[in-house]
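Visitor: I'd like a close look at one part of this structure, please: the largest pocket and the pieces built around it.

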Amino acid sequence: MRSAKWISASCDTGAGAVSFKKEIALGGKVASATLTASAAGLYEAYINGNKIGDRVLAPGFTNYKNRIQYQQYDITDMLSDGCSFCLVAAPGWAVGHMGYKGMTKLFCDKICVIARIDITYEDGTTQTVATDTDWDVWTHEVTFADIYHGETVDKTVTPASLGKAVESGREFNLIAEEGEKIQEQEILSPASLIITPKGERVIDFAQNMTGYVSLNIKGNRGERVRLSFAEVLDKDGNFYNDNYRGAKDCSVTYVLSGEQDSFKPRFSFQGFRYIRIDEYPDGDIELDGFRAVVVHSSMERLGSFVCGDAKINQLFHNIIWGQKSNYLDIPTDCPQRDERLGWTGDAQVFCRTAGTNYDVRKFFRKWLGELRCEQRADGAVMGTCPEADGMHNSTSRVSAGWGDVATIVPWTLYELYGDKSFLEENFEMMRRWVEYMRSAGSEEYLWLGGYHYGDWLAMDAGEDSYVGATSNDLVATAFYAYSTELLVKAGEVLGKDMSGYKALYDNIVAAFREYFMENGMPKAEFPLTEVLAPGKVKNIDTVREGMTQTAIVLILHFNLCLPEERGALADKLEQLIHDFGDRMSTGFLGTPYILHALSACGKTELAYKLLFNEGNPSWLYSVNHGATTMWEHWNSIKEDGSFWSTDMNSFNHYAYGAVADWLYGVTAGIKIEEAGYSSVTLEPRPCERLGFVRCSVKTPRGALESNWYYTEGGIRYEFVIPEGMDATIVLPDGRSEKVGAGSYCYSTGK
Ligand code: BGC
């Protein structure tokens, strides 16, 4: 940003916000004016006390050491004579608590800001005002702001001068904003005020969400309102937020001016459904003063799915809200505890569903740029992105199923939107990740050993285990094959010679089959080479297991078997499901594919059985327990009403929401044959319990619809196909027809 300097306060400003001010004398009638601004920290910009633009939490979350986005605003209409300009900045992701063990100053040791205003006058002359050491620094009414720990807004504060700004002495790489704007998206009113058995006053917004609570209130000067946050009540109906871990004491405090006040946080956000009112002026709580403001990245809604079963509709609702809650500039694991990180495994598991629900092109373009910056010199792709400084060399941050985000996300975006640039931009990252796996461990074609998160939170190693029973070696090698396959496909789309990687793929599949399988089945077990993930891993001896649901699901879904072996593998999977009480035992890596694996092998009825299961584990278990977002664990709330644990128990984790991809792809039957929906197969699999399905997706070609409903005597199907799309319609009675744009109706028997 030519001529502008990075500036900071001359003293330590702690966790409070600071404002950087400049009076601008205008030189005539303004024809146009633009503000360019950024911060290592979070910033808001004001002219004459009016906020510029409608973004919140700018400049967004990047690894500030690598790059920081700047934003541009047209401020032509906001300038007037004697204009006073102000940038308010707070610690945010860059300087406040963030990341592993809630460290501070992960990316920068102090708040730094930069801004430039370019004015063109009607007579053609120009003026530039840029940050330098002549800007004044003041304390601010936001006396505390921290992503994990909340915010205090004190309207009784009279800002004090901190003198002139100093040059920050930090160098940052500024890039134009790549991501979607982070904005306030929806406003929720309180559903009820609860007095809990403990006598605490709790407001229920009836929806778990991400954002903050705004408050309109008039009280006496100096009176305080203090709020704490929770996602659930405990089994007795009391406020519970032990699962927020280090962010458990997060609170938002508003100190009243004595006039009519409007409060909301500006430099933090919370994940919550309930708020506890810890302090409030004497008298009754005026519920109507409270609102929950939903904040996430702006994304256009593309996909919708409604059916005749209220529980499945609630599940779909929870999946959408899981995405809204966690697509806040980066794909986060959860929005409430001392984490909120771009966990790469979670992101890859959910990205296909996410990209069908919403247009996530811009959102992911920025994050993939981040991922490329974070890829280690040896090709490793880390567990989170942005990755905490100092973690890049940690052996515990590179894992199969997580690093594969590097291949899975670009390929998925290409398939969904038909935009080759996702492959062009990321091909090298994809290739280097495959090379990393090739060089990991002692075997070129197997990925043995290493530290993996494995089939995270699967139930087959016991309810309390973090890591499932499936061998990490098997999982790692399966993903190695899958990523190599995607690399080959990507290279072929780009017209590259991929014969070398094709041979690598064939070798990996052959080695997988030899090491992990016999007679077309996974071996029960093999030598234990894993370095186990730490934590409460029960049945340590069993983690070399091959005969698990997840192992078979990966073998089927990644095509690691011969076509003639699929039937027996699917039968075995069915038996394992039956042996587990007709339930899934899969975790983060097996669950997204289990229904696909079953329906691809002609076991759609069993897939529906799992979908409709209400026991633990199942998707409807959380629905029956009142969930309004997806849970991290199948049994975050156990059957007896107690909680899974305090240290890993989010009620807003989207990973298991990947099941929506099966609802779109199999229940509604929308299958992409050629990238960007230029060619599709429409092969719905109706099910009497659902009664009807209305599913539509705004594809790059236009709105596609697949609807069906049960009638007296049979089933009626209605499809709408937009211009530029070829569709093959396949009905359960075996009829099949190739069609172009238009509306089509069919009837079959039940
Ligand atoms: C996160 C997960 C993540 C995992 C890695 C957790 O703390 O919340 O969603 O993928 O760590 O195993």
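Guide: Let's get one bit of vocabulary out of the way: helices (H or I, at least four residues) and strands (E, at least two) are DSSP runs, numbered from the N terminus. This is a predicted model, in which local features need pLDDT of at least 70 and side-chain atom pairs count only at pLDDT 80 or more, while totals for chains, interfaces and linings use all residues. Residues are numbered from 1 along each chain as its sequence is written, and side-chain values use heavy atoms, with hydrogens and water left out.

Now the pocket itself. The search runs on a 1 Å grid over the protein atoms alone: a pocket is an open set of points with protein on both sides within 12 Å along at least five of seven lines, a cavity is a set where a 1.4 Å probe fits but cannot get out, and lining residues have an atom within 4 Å of a point. Points are joined across faces, edges and corners, and a volume is the space filled by probe spheres set on them. On that basis, the largest pocket holds about 1200 Å³ of space. Its lining takes in 47 residues, and the ones nearest the centre are Arg352, His557, His596, Asp661 and Lys671. Two or more lining residues apiece come from helix 3 (344-357), helix 5 (405-417), helix 7 (472-493), helix 9 (549-557), helix 11 (591-600), helix 14 (660-667) and strand 31 (670-674). Chemically, the lining splits into 25 nonpolar, eleven polar and eleven charged residues. Here Ala, Val, Leu, Ile, Met, Phe, Trp, Tyr, Cys and Pro count as nonpolar, Asp, Glu, Lys and Arg as charged, and the others, Gly among them, as polar.

Where does the pocket sit among the domains? The chain is divided into domain 1 (7-177), domain 2 (183-297), domain 3 (303-667) and domain 4 (670-748), with bounds taken from an automatic or database domain assignment. Domain 3 and domain 4 both contribute lining residues, so the pocket lies between them.

Follow strand 31 out of the lining and you land in a sheet. Strands count as paired if DSSP finds at least two bridges between them. Strand 31 belongs to an open sheet of four strands in the order 31-32-36-37, with mixed pairing. Strand 31 and strand 37 (736-739) are at the edges with a single partner strand each, so one side of each has no neighbour in the sheet. On average, neighbouring strands here are turned by 20 degrees against each other, direction ignored. For the angles, axes are lines fitted to C-alpha atoms, for helices over the stretch in contact, and values run from 0 to 180 degrees between N-to-C directions. Strand 31 runs antiparallel to strand 32 (residues 679-682), and four bridges join them; one spot to check is Ile672, which stands opposite Val680 in strand 32.

Helix 14 takes you to another sheet. With contact meaning heavy atoms within 4.5 Å, helix 14 lies across strand 26, strand 33 and strand 34, and runs at about 75 degrees to strand 26. Those strands sit in an open, antiparallel sheet of five, ordered 26-33-34-35-38. The edges are strand 26 (303-307) and strand 38 (742-749); each has a single partner strand, so one side of each is left without a neighbour in the sheet. The average turn between neighbouring strands is 10 degrees, direction ignored. Inside this sheet, strand 33 (residues 692-699) and strand 34 (residues 702-710) run antiparallel and are joined by eight bridges, with Thr699 standing opposite Gly702.

Back on the helical side, have a look at a couple of prolines. The Cys385 to Pro386 peptide bond is cis, with omega near 0 degrees, and Pro386 lies in the loop between helix 4 (361-374) and helix 5. Another cis bond joins Asn616 and Pro617, again with omega about 0 degrees; Pro617 is in the loop between helix 12 (604-612) and helix 13 (619-624).

What about enclosed space? The count comes to six cavities of 30 Å³ or more, and the largest cavity has a volume of about 60 Å³.
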